[in-house]
Amino acid sequence: MTGIIAYDVFMCVMVFIFGTVIGSFLNVVIYRTPLGMSIVTGPSHCTTCGTRIKPYDLIPIVSWCLLGGKCRACKAKISVRYTIVEALTGVMFLLAYIRYSLTLMLPMSIILFCVLIALSFIDLDHMQIPYWCTGTVAALGVINVIITAVMPSPANDLWWMHLLYALAVAILAGLLALLGGLGGGDFQLITASALLLGVRIIPALFIGVILGAIYGIAVKLASNADVKDKTSKLTELFIGWLENNDPTADKIIMGEYEEGKVHITRYEYEGKKLNEAPEDTALEENVSEIFADVPANHEYIFRVSVKGGIIDKLRLQRRIAFGPAISIGVAASMLYGNTILTAWMNIFGIAV
Ligand SMILES: [Zn+2]
C-alpha cells in the first residue's frame, strides 16, 4: 500500500517538474514568437545586460528564487512572471495527470494547456492571439472528434455533437465579432474550443464570460482617468486640425494605438459616398504625442465623426484582452466540464 502511495507521489512530483521545464520553454515562446524571433536558435540571455545565462541559472522556479529575482551579472530585476508561467504550467500538468491519469486525454490536455498559457500571455502583451495557437486547438478538436467517434466516453458524448456545438458557437461568436465586441482571435479560439469540448463548451463560456466581464470592468475603471484625459486632448487636437483642413466637410476619422504606434484612417463624403481619404502623417504624429505616455502593451481605438465641420462624436476606448478569460474557462472545462454539467443538472433537477 505505502509502495503505491510512494509511486503516486513520485509520479505527481515528476509530472510537476516536467511541467515547469515546459513552462520555462513557454516563456521563450511567449517572448520571442510575437517578435518573429526563432525559438530554437540563440541561447537565453539577460534582456537588460545581454549576458548569456548559465545553465545552472536556468532551473525553473528554483533559480529565480535563489537569485532573489535578479540577474547574476547586472543585478537587474527579472520579472516574477517567468516564474509564474513555470509554476502555472507545472500545476496544469499535475491537474491533467490527476484527472486523466495515463490515458490519451493526458497528452491532449497537456498540449491544450501549453497553447492556452502561451496565447493568454501573448494576448496580454500584444492584444492578439496567434494563428498557430487557435490552429493547434482546432487540430486537437479534430483529433478529439475522431477519438469520440471511435470510442465515445462518456457514452452520451457523440462525435457529431462536437461539430454541432462548434457550428452553433461559430454563429453566435461570429455575430459578436461582426458587432465589434469580440476580436477575430477570440472568435477562432471559442469555435476551436467548442469543437474540442462539445457540450462542455457551455461551462467553459460561462466561466470565460464571467471572468472576462470582471476583468473588463477592472481595466475600464483603472484606465478611466486616462481615457478622459486623452479624450479631451484628442478633441482639442481635432478642433484645431479641422480649422486647417476643409472645415465644412463631413468625415469619419478612425484610429488605433497599437504596439506603441498610432494608425489613422480617414474617410470623407464625396457626394453621398464615404471614401477613404489620403494618409495624413502630420495628424498621425500629433496624435502619437498624445499617446506617448501609454505603455506599448495597451491598445486604444477611437472614432471621430465630423458633421458640418463640427465634431459630432468622439469615442475613445481601451481594448481588452479576452484570451486569458476564455482560456481559463476552456482549461477548467477540459478538466471538470462534465462535473460542472452534472452539478448544474442536479441543481436544476434535470434527470440524467
Ligand atoms: Zn543582466
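A residue counts as buried if 20 or more other C-beta atoms lie within 10 Å of its own, as exposed if 12 or fewer do, and as partly exposed in between, with the C-beta atoms placed from the backbone. By that rule I61 is partly exposed, because 17 other C-beta atoms lie within 10 Å. Keep the rule in mind, since we'll use it again.

A quick word on what you're looking at. This is a predicted model, in which local features need pLDDT of at least 70 and side-chain atom pairs count only at pLDDT 80 or more, while totals for chains, interfaces and linings use all residues. Residues are numbered from 1 along each chain as its sequence is written.

## The whole chain

The chain has 352 residues, and 30% of them are buried. Along its principal axes, the C-alpha trace spans about 85 × 60 × 35 Å. You'll find 10 helices and 5 strands here; these are DSSP runs numbered from the N terminus, with helices being H or I runs of at least four residues and strands being E runs of at least two.

The chain is divided into domain 1 (1–102) and domain 2 (222–318), with bounds that come from an automatic or database domain assignment. Taken over C-alpha atoms, the centres of domain 1 and domain 2 are 43 Å apart.

What about contacts? Two residues are in contact if their C-beta atoms, placed from the backbone, lie within 7 Å. Among the contacts in the chain with a separation of 6 or more, 65% are between residues 24 or more positions apart.

## Two helix pairs

Two packed helices are described by the angle between their axes and the distance between the axes. The axes are lines fitted to C-alpha atoms, for helices over the stretch in contact, and angles run from 0 to 180 degrees between N-to-C directions.

Take α5 (residues 131–150) and α7 (residues 184–197): their axes come within 7 Å and cross at roughly 15°. The two helices are therefore roughly parallel to each other, a label for angles under 35 degrees (over 145 is roughly antiparallel, 65 to 115 roughly perpendicular, and the rest oblique). α5 passes α7 in a left-handed crossing. On the α5 side the contact is made by T134, V137, A138, L140, G141, N144 and V145, and on the α7 side by G185, Q188, L189, A192, S193, L195 and L196. Sorted by type, the residues of this contact of α5 with α7 come out as 8 nonpolar, 6 polar and no charged. Here Ala, Val, Leu, Ile, Met, Phe, Trp, Tyr, Cys and Pro count as nonpolar, Asp, Glu, Lys and Arg as charged, and the others, Gly among them, as polar.

Now for α8 (residues 201–244) and α10 (residues 323–347), whose axes come within 7 Å and cross at roughly 140°. α8 passes α10 in a right-handed crossing. A crossing is left-handed if the near helix is turned anticlockwise from the far one by less than a right angle, and right-handed if clockwise. The residues of the contact of α8 with α10 include L205, G208 and Y215 of α8, along with I328, G329 and L341 of α10. In type, the residues of the contact of α8 with α10 split into 13 nonpolar, 5 polar and no charged.

## Some residues to find

Here are three residues with their places and C-beta neighbour counts.

| Residue | Place | C-beta neighbours inside 10 Å |
|---|---|---|
| T134 | helix α5 | 23 C-beta neighbours |
| D123 | helix α4 (residues 105–126) | 26 C-beta neighbours |
| E259 | loop between β1 (251–258) and β2 (261–270) | 14 C-beta neighbours |

With those counts, T134 is buried, D123 is buried too, and E259 is partly exposed.

Leaving aside neighbours within four places in sequence, T134 is in contact with I129, G185, Q188, L189 and A192. On the same terms, D123 is in contact with Q128, I129, A321, G323 and P324. D123 and K261 are 138 residues apart in sequence and 17 Å apart in space, C-alpha to C-alpha.

In strand β1 you'll meet K251, which touches R266, Y267, E268, Y269 and V306, not counting residues up to four places away in sequence. K251 is partly exposed, with 18 other C-beta atoms within 10 Å.

Finally, back to I61, in the loop between α1 (2–32) and α2 (62–66). I61 has a positive phi of about 60° although it is not a glycine. E259 has a positive phi as well, near 50°, and is a residue other than glycine.
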